[in-house]
Amino acid sequence: MIHLRGITKQFGDYPALHGIDLDVAPGEFIALLGPSGSGKTTLLRIIAGLEFQDGGTVQLGGEDVSRMPVADRHVGFVFQHYALFRHMTVADNVAFGLSVRRGKHRMAKAARQARAEELLRLVQLEGLGSRYPGQLSGGQRQRVALARALAIEPRLLLLDEPFGALDAKVRKDLRRWLRDLHKQVGLTSIFVTHDQEEALELADRVVVMNKGRIEQIGAPDAVYMNPETPFVSHFVGETNRLPAQGLSGGGEIHFRPHEITLATDGAEALIVDNVFRKGAVWRAEGLLAGSGQFVELDLPSSGDAPRLGETIRFNPHRARMFTADGDQIQGEAR
Ligand code: ADP
Ligand code: MG
């Protein structure tokens with residue numbers, strides 16, 4: 001469906017993208033996940049044709065669209081602040097993309113209105129077509145924006161932090177809603193977010209970006225369980241770091257707060273400095289005796305909460321090891 005090869009982009013002397021290769025299969029839901037400034041929006045705009053790459057090619061559905069303008073690419077997009085037309089009703093907003101069509105795609109007004117109604121049903125805003133955007137909540141407005149993007153029957157849907165401006169509860173509801181909608185419609189979609197929870201919950205595959213490069217591509221579970229670089233280990237999920245012993249040139253081992261076994265004579269001893277409930281577990285934080293490294297541990301909450309000042313002995317039972325250059329070393333972590 002989508003093939004990106006060697007996409008590069010500079011803004012002045014600033015290299016925003018360093019040579020991106022990515023393949024997306026038909027019907028896939030991809031999340032581009034990375035911190036602010038990692039190049040996610042730039043890549044999305046290049047796929048849409050809102051921006052042109054300096055080098056590399058963009059293929060959509062077997063066609064090289066590298067130099068094709070946005071209007072011809074047949075791509076739908078929704079942005080965080082993709083303002084609706086305030087003076088147009090919701091239905092007219094949704095039908096907008098249909099009304100500007102020319103030639104054989106031109107639709108009669110009644111057909112456009114019927115299509116808008118159908119789309120409003122799809123985004124669960126049936127009956128609100130005659131309202132104006134100002135009379136809707138933020139979440140409803142983003143669903144109108146989505147209906148408008150879908151109206152042109154795009155071959156690809158691009159979403160750039162579409163829920164970023166909404167509050168946490170609404171975001172979570174819309175996330176579930178979008179996942180169901182994708183199941184129903186099956187449209188190839190790329191969703192940009194800096195929120196790892198959103199990416200892990202929604203996507204078939206997560207593409208982790210950092211400083212204009214792809215760090216890792218994989219299923220959410222694989223990216224979480226087997227991060228291949230220190231950056232991914234840190235950015236996706238919570239990670240503890242300890243210096244790796246006996247590694248020439250230095251390095252570190254990474255393990256999640258839950259990847260530990262309590263021990264009576266463990267290799268590591270945490271002196272508890274802070275304790276709180278984190279869902280189903282106790283989260284204990286503190287410094288390791290000896291190295292003074294800050295570490296977070298999850299402990300079963302069936303027992304009493306750890307006490308401040310208490311020493312918890314543990315061994316990481318699962319960990320990843322990285323060299324100082326960020327290369328992963330396979331095998332026993334310590
Ligand atoms: P993200 O969406 O991951 O936050 P962007 O793709 O928006 O990242 O930006 C990547 C980098 O490129 C940032 O450092 C940003 O400042 C820079 N950048 C993006 N667009 C422009 C532009 N039009 N002019 C100059 N620099 C830009
Ligand atoms: Mg962005």
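Quick bit of vocabulary before I start: when I say helix or strand, I mean a DSSP run, at least four residues for a helix and at least two for a strand, numbered from the N terminus. Also, what you see above is a predicted model, so please hear everything that follows in that light.

Okay, the overall picture. We've got a protein chain of 334 residues, and 47% of them are buried. The chain has nine helices and 19 strands. Along the principal axes, the C-alpha atoms fill a box of roughly 80 × 45 × 30 Å. For the contact people: take the contacts with a separation of 6 or more, and 62% of those join residues 24 or more positions apart. As for the surface, the chain exposes about 16,000 Å², with carbon and sulfur atoms supplying 50% of that.

Now the ligand. Which element gives the largest share of the shell around ligand 1? That's H1, with three residues. H1 runs over 40–48, and both H1 and strand E2, which is 14–24, supply at least two residues of the shell. If you want to click through the neighbours, they are Phe11, Tyr14, Ala16, and then Pro35, Ser36, Gly37, Ser38, Gly39, Lys40, Thr41 and Thr42. By type, that's four nonpolar, six polar and one charged.

Let's go in on the oxygens of ligand 1. Glycine 37 puts a backbone N or O atom 2.7 Å from a ligand oxygen. Serine 38 also comes in through its backbone, with a polar atom 3.1 Å from an oxygen of the ligand. Tyrosine 14 uses its side chain instead, where a polar atom sits 3.5 Å from a ligand oxygen. And how much of the ligand does the protein cover? On its own, ligand 1 has 560 Å² of accessible area, and the protein covers 58% of that.

Stay on tyrosine 14 for a second, which is in strand E2. Is it buried or exposed? Its relative accessible area is 52%, so tyrosine 14 counts as exposed, the cut-off being over 50%. Leaving out residues up to four places away in sequence, tyrosine 14 touches Lys9 and Gly37, and Gly37 is one of the residues around the ligand too.

Right, on to the interior. In soluble globular proteins, nonpolar side chains tend to be buried together. Here, the largest nonpolar core has 32 residues, and Leu146 and Leu178 touch the most other members. Elements that each supply at least two residues are helices H3 (90–99), H4 (109–122) and H5 (138–151), strand E7 (156–160), and H6. H5 gives the largest share, seven residues. There's also a second, separate core of 28 residues, with Met1, Ile2, Met68 and Phe77 among them.

Back to leucine 178: setting aside residues up to four places away in sequence, its contacts are Phe29, Leu146, Leu159, Phe163, Phe191 and Leu202.

Last one, arginine 175. This residue lies in helix H6, residues 168–185. Arginine 175 has 4% relative accessibility, so it counts as buried, because that means under 20%. What does arginine 175 contact, leaving aside neighbours within four places in sequence? Phe163, Leu202, and then Asp195, Glu197, Glu198 and Glu201. Phe163 and Leu202 should sound familiar, as leucine 178 touches them as well.

That's my tour, happy to rotate the model if anyone wants another look.

Conventions: Residues are numbered from 1 along each chain as its sequence is written. Chains are lettered from A and ligands numbered from 1 in the order in which they are written. This is a predicted model: local features need pLDDT of at least 70, side-chain atom pairs count only at pLDDT 80 or more; totals for chains, interfaces and linings use all residues. Side-chain values use heavy atoms; hydrogens and water are left out. Buried means under 20% relative accessible area, exposed over 50%, partly exposed in between (1.4 Å probe, protein chains only). Contact means heavy atoms within 4.5 Å. A residue is near a molecule or strand if one of its heavy atoms lies within 4 Å of it. A polar contact is a pair of N or O atoms within 3.5 Å; within protein, one must be able to donate a hydrogen and the other to accept it, and residues adjacent in sequence count only if both atoms are side-chain atoms. Accessible areas come from the Shrake-Rupley method with a 1.4 Å probe; for residues, only the protein chains shown count as cover. Ala, Val, Leu, Ile, Met, Phe, Trp, Tyr, Cys and Pro count as nonpolar, Asp, Glu, Lys and Arg as charged, and the others, Gly among them, as polar. A nonpolar core is a set of buried Ala, Val, Leu, Ile, Met, Phe, Trp, Tyr and Cys residues joined through side-chain atoms within 4.5 Å.
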